[in-house]
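Colleague: Could you take a close look at one part of this model for me? I'd like the cysteines sorted out, with the helix after them if you have time.

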Amino acid sequence: MNDDQNQQHRDGQSSSQNESTHHKNLKCMAELSMWQDQCKRISAEFENFKRRVDKDKLRWSEMAKESVLLDLLPFVDTFDVALQQKNGADLTGVAMVYQTLLKLLSKHDVTVMQATKDFDPQFHEAVMQVQSENHASGEIVEVLSKGFMIKDRVLRPAKVSVAI
């Protein structure tokens with residue numbers, strides 16, 4: 001083989017090696033792109049998971065809080081009854097405890113529902129129907145137990161008697 005032939009043979013091998021290296025590089029770049037894409041997807045899924053967990057944690061915390069606050073409401077009812085008694089007893093201490101309880105509830109965004117004339121099943125629970133000369137059918141005659149809201153949701157509906 002002469003020098004020209006040797007050079008051509010080496011150039012052929014070099015060209016073949018370059019093509020092989022180029023093909024390997026393309027394959028590596030494609031694989032790199034695939035792994036980067038997968039990494040981005042997993043990262044996005046993880047962020048969504050963290051948001052869901054935070055949202056669930058907040059919801060469970062709110063539910064636990066509402067449960068405890070709901071358990072306190074019978075005490076409010078008992079104080080209401082005690083303060084309505086007119087038996088000559090000094091109820092100053094009872095009134096102070098009652099006010100403290102209402103402040104505690106208020107601190108946790110619990111408020112007494114405003115009295116309304118018309119029955120609304122979203123806010124009222126009709127526990128009895130009564131005849132009334134002074135009320136139209138469906139109107140609330142008497143609030144038997146106060147209703148309470150927590151923020152903008154009903155914590156406990158008001159128990160009412162409704163005119164027939």
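Colleague: By the sulfur distance rule, how many disulfides does the count come to?

Modeller: Bear in mind that this is a predicted model. The count comes to 0 disulfides. Take cysteine 28: it is in no disulfide, and the nearest cysteine sulfur, that of cysteine 39, sits 18 Å away. Going the other way, cysteine 39 has its closest cysteine sulfur in cysteine 28, and 18 Å is too far for a bond, because a disulfide needs the two sulfur atoms within 2.5 Å. As for accessibility, cysteine 28 comes out at 51% relative accessibility, so it counts as exposed. Cysteine 39 is also at 51%, so it counts as exposed too; the cut-off for that label is over 50%.

Now for the helix, α2, which runs over residues 92–107. Its 16 residues should span 22 Å at 1.5 Å a residue, and the end C-alpha atoms are 23 Å apart, which agrees. Tyr98, Leu101 and Leu105 are the buried residues of α2. These three cover an arc of only 60 degrees around the axis, so they lie on the same side of α2. The general reason is that an α-helix has 3.6 residues a turn, so residues three or four places apart point the same way. Over on the other side of α2, the exposed residues are Met96, Thr100, Lys103 and Lys107. Just after α2 comes aspartate 109, with a positive phi of about 65 degrees.

Key
Residues numbered from 1 in each chain as written. Predicted model: local features only at pLDDT ≥ 70, side-chain atom pairs only at ≥ 80, totals over all residues. Heavy atoms only, no water. Helix = DSSP H or I, 4+ residues; strand = E, 2+ residues; numbered from the N terminus. Expected span 1.5 Å × (residues − 1). Buried < 20%, exposed > 50% of the residue type's maximum accessible area, 1.4 Å probe, protein only. Arc of directions from axis to C-beta.
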